[in-house]
Amino acid sequence: MRFLKFFILILIIFNFNLVHAKTKNLDEKITKNLRCLICQGQSVHDSDSEFAISLKTLVKKKLNEGSSEEEIYNYLKDKYGEWILYDPGFSKNTYFLWLLPILMFLIGGAIILKLFIYKKN
Amino acid sequence: MRTKIFPISLIIIVSVIFVIFYKGLQNSNVYEPQIGNQKNIPVFIAKAFETEEIFKSEDIFEGDKFYLMNIWSSWCAPCRDEHKFLLNLSNQKNLKIIGLNYKDKKKNATNFLNELNNPYDFIFNDTDGTIAIEWGAYGVPESFLLHKNKIVKKIIGPIDQNSLLEIKELIQ
């Protein structure tokens, strides 16, 4: 019984680490979605350039101040433009990017359907 | 007729995709910073370089004067190259040069200024680089020409002879 209590105590102590796990993951998630503008092809999370280090501190600061993920994205978009986000929004320049797979899927489906119906007939 | 639908539609689809990707080749995928749009200057709180007093950004950028906000650091080699142009600009009467000391040690920065002279009317610190991000800056050196709380011109990289002349023309 004493052993069990001891075991539970240790378990609780070690689990205290997980209390902040959510916020840690959030700032990782945000920095992974940010393009490092001076070292292209890398995310801010992966980069160790001065720019990326500052951006990481800024994201942490903003999260501590209580900004949401969306607010941070909008803030940076305002400063550096859409390019800083890896996940582009739906806009005039990107609608083709978003719609092309759907379009190809529909056309392909139509071809297959047509072939099958023709075969049946 | 029935057999022709498939090859014809295939050719059309392939050619449409080809045209799209061929056009896509011509688009540059290198990031070009937006220069030229007049943005309001950011509001921030920072520490002065010499006195280490904390101040608000509104206190330094005021009125109708022209300001040149220059981001510099003692460890940045191109900053040395542009320093003579900054010294040249510091003779202009209607232009105030504000320095943002980016991620620097005070001792090194002071040595840098003692060695090359100080063109700045006022310097403030940015130890973690977050104020530079408020300005939408990429790194050092970078300069912003300000007028009436708007960014009139942004120079990414060191100031050279051409940008020097351009600044002089703009502040006339």
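Two strands count as a pair when DSSP finds at least two bridges between them. With that in hand, look at E6(B) and E7(B): six bridges join these strands, which run antiparallel. Within this pair, Glu142(B) has Ile156(B) in E7(B) as its bridge partner. The two strands form a hairpin with two residues between them, and Lys148(B) takes a positive phi near 50° there.

Before we go further, please keep in mind that this is a predicted model. Its scores are ipTM 0.72 and pTM 0.71. For chain B, the mean pLDDT is 86, and 92% of the residues reach 70 or more. Among the elements of chain B, helix H1 (residues 2-26) has the lowest mean pLDDT, 84, while helix H3 (residues 106-116) of chain B has the highest, 92.

## The two chains

Let us set the chains next to each other.

| Chain | Helices and strands | Residues counted as buried | Share of contacts (separation of 6 or more) joining residues at least 24 apart |
|---|---|---|---|
| Chain A | five helices, zero strands | 14% of 121 residues | 40% |
| Chain B | five helices, seven strands | 28% of 172 residues | 75% |

From the N terminus on, the elements of chain A run α-α-α-α-α. Chain B, read along its sequence, follows the pattern α-β-β-β-α-β-α-β-α-β-β-α. How spread out is chain B against a compact globule? Its radius of gyration is 23 Å, well over the 16 Å that the globule rule gives for 172 residues, so chain B is more spread out than a compact globule. The C-alpha atoms of chain B fill a box of roughly 85 × 35 × 30 Å, taken along the principal axes.

## The sheet of chain B

Now back to the strands. In what order do the seven strands of chain B lie in the open sheet? The order is E2-E1-E5-E4-E3-E6-E7, and the pairing is mixed. Strand E2 (54-56) and E7 of chain B stand at the edges with a single partner strand each, so one side of each has no neighbour in the sheet. On average, neighbouring strands of this sheet are turned by 30° against each other, direction ignored.

The hairpin above gave us an antiparallel pair. For a parallel one, turn to E4(B) and strand E5 (residues 122-126) of chain B, which pair over five bridges. Here Ile98(B) has Phe122(B) in E5(B) as its bridge partner. Helix H5 (residues 161-170) of chain B packs on the sheet and touches E3, E6 and E7 of chain B. The direction of this helix makes about 170° with that of E7(B).

## Where the chains touch

Chain B has 16 residues in contact with 19 residues of chain A. On the chain B side, H1 and H4 are the elements that give two or more residues. Which element of chain B gives the most to this side? That is H1(B), with five residues.

## The nonpolar core

The largest nonpolar core has 41 residues, and Leu55(A), Leu68(B), Ile71(B), Leu100(B) and Ala132(B) touch the most other members. Elements from both chains each supply at least two residues of this core. From chain A these are helix H3 (50-64) and helix H4 (69-80). From chain B they are strand E3 (66-72), helix H2 (77-89), strand E4 (95-102), helix H4 (130-134), strand E6 (142-147) and strand E7 (150-156). Leaving out residues up to four places away in sequence, Leu55(A) touches Leu34(A), Val44(A) and Ile133(B).

## Two loop residues

Let us finish with two residues in loops. Phe16(A) sits in the loop between helix H1 (2-15) and helix H2 (21-32) of chain A. Is Phe16(A) buried or exposed? Phe16(A) has 8 C-beta neighbours inside 10 Å, so it counts as exposed, the cut-off being 12 or fewer. The C-alpha atoms of Phe16(A) and Asp46(A) are separated by 27 Å, with the two residues 30 apart along the chain.

Glu50(B) lies in the loop between strand E1 (45-48) and E2 of chain B. Glu50(B) counts as exposed because it has 11 C-beta neighbours inside 10 Å. Glu50(B) and Thr110(B) are 60 residues apart in sequence, yet 9.4 Å apart in space, C-alpha to C-alpha.

Definitions and conventions: Residues are numbered from 1 along each chain as its sequence is written. Chains are lettered from A and ligands numbered from 1 in the order in which they are written. This is a predicted model: local features need pLDDT of at least 70, side-chain atom pairs count only at pLDDT 80 or more; totals for chains, interfaces and linings use all residues. pLDDT is the predictor's confidence in each residue, from 0 to 100. Helices (H or I, at least four residues) and strands (E, at least two) are DSSP runs, numbered from the N terminus. A nonpolar core is a set of buried Ala, Val, Leu, Ile, Met, Phe, Trp, Tyr and Cys residues joined through C-beta atoms within 7 Å. A residue is buried if 20 or more other C-beta atoms lie within 10 Å of its own, exposed if 12 or fewer, and partly exposed in between; C-beta atoms are placed from the backbone. Two residues are in contact if their C-beta atoms, placed from the backbone, lie within 7 Å. The radius of gyration is taken over C-alpha atoms; the globule rule is 2.2 Å times the number of residues to the power 0.38. Axes are lines fitted to C-alpha atoms, for helices over the stretch in contact, and angles run from 0 to 180 degrees between N-to-C directions.
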